[in-house]
Amino acid sequence: VKQAYYGVLQAKRNRDVAADVIKQFQLHLDQAKGFYDVGTKARIDVIKAEVDLSNAQLSLINAENALKIAWVTLNNAMGTPDAPEYTIEDNLSFQKYTITLEEATARAFENRPDLKSAIAKRQAAEENISLQRSGYYPILSGSAGYAKTEIDVPTNTTINSWDVGVTLTFPLFSGFLTSHLVAEAKSNLYILKANEESLRQEILLDVRQAYLNLQAAEASISTAELAAAQAKENLDLANGRYAAGVGSPVEVSDAFATYVTAQASYTSALANYKTAQASIEKAMGAR
């Protein structure tokens, strides 16, 4: 659900960038036509601007379709495929998730439900060995009874009787059944112990991988943010140069392409960090 949630936010931001690019290319096309009308630019500038606008419109169509698919994925993850249209909170901004590897590992060993299940099975197997060993011990049983008898004739006599008994049974020979049951119980315990240890190693691997992915995602955000800011500045400069009549349409197109890529990378870095945070929370068995 979290992955699908942040997938919607990521697709929505990419769609917004694609829509903004269309506005920018439309402005660029109007400028190219103006320069061509006054004779300061060649016809090829107008054609190049029209091609760029068409490509931007195609990118917007793809971005809108990706957003629709993201909504479908989210609804499916929530089990509401036919949910009516709704909005979600955009919390894709960076908020540092602070935790050490040792803390994450300790929480995982304490909270993971699959490990709790393995521990419970192992403890039950330990108790089962004691239960099977009881077959070696003598069995003490007791019984008690009471009877009341009434004789109508000739004296209307009532006879009360009690009986109490204790039996002690020694299992001298049971066909080695008990020894085999104990051996089977021990074997089951060994298997469950091995499964528990294997699960602990898997949990440790899950936590370490999630922790490293979280660290990598955090490190990429600052770089992607800087690249997005630089790409925006480069785009503004390219637009300014073209508006002043000294720039080229290729320069503007390259600047737009760099800007779109940088914005998509920054949005992806934010979404990856949120997803990495959800992954380490899952590895720890926390909601």
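**Exercises on rings and helices**

The charged end of R43 lies over the ring of Y36, at 5.9 Å from its centre, where sitting over a ring requires NZ of Lys or CZ of Arg within 6 Å of the ring centre and within 35 degrees of the ring normal. This is a predicted model, in which local features need pLDDT of at least 70 and side-chain atom pairs count only at pLDDT 80 or more, while totals for chains, interfaces and linings use all residues. Residues are numbered from 1 along each chain as its sequence is written, and side-chain values use heavy atoms, with hydrogens and water left out.

**Exercise 1.** Determine whether the rings of F25 and F256 are stacked, edge-to-face or tilted.

*Solution.* Rings of Phe, Tyr and Trp (its six-membered ring) pair if their centres lie within 6.5 Å, and planes under 30 degrees apart count as stacked, over 60 as edge-to-face and the rest as tilted. The search of the whole structure yields six aromatic pairs. For F25 and F256 the centres are 4.2 Å apart and the planes are at 35°, so this pair is tilted. The pair links F25 in helix α1 (residues 2-38) with F256 in helix α6, 231 residues apart; helices are DSSP runs of H or I, at least four residues, numbered from the N terminus.

**Exercise 2.** State whether F25 and F256 are buried or exposed.

*Solution.* Buried means under 20% relative accessible area, exposed over 50% and partly exposed in between (1.4 Å probe, protein chains only). F25 has 6% and is therefore buried, and F256, at 2%, is buried too.

How values were computed
Helix = DSSP H or I, 4+ residues; strand = E, 2+ residues; numbered from the N terminus.
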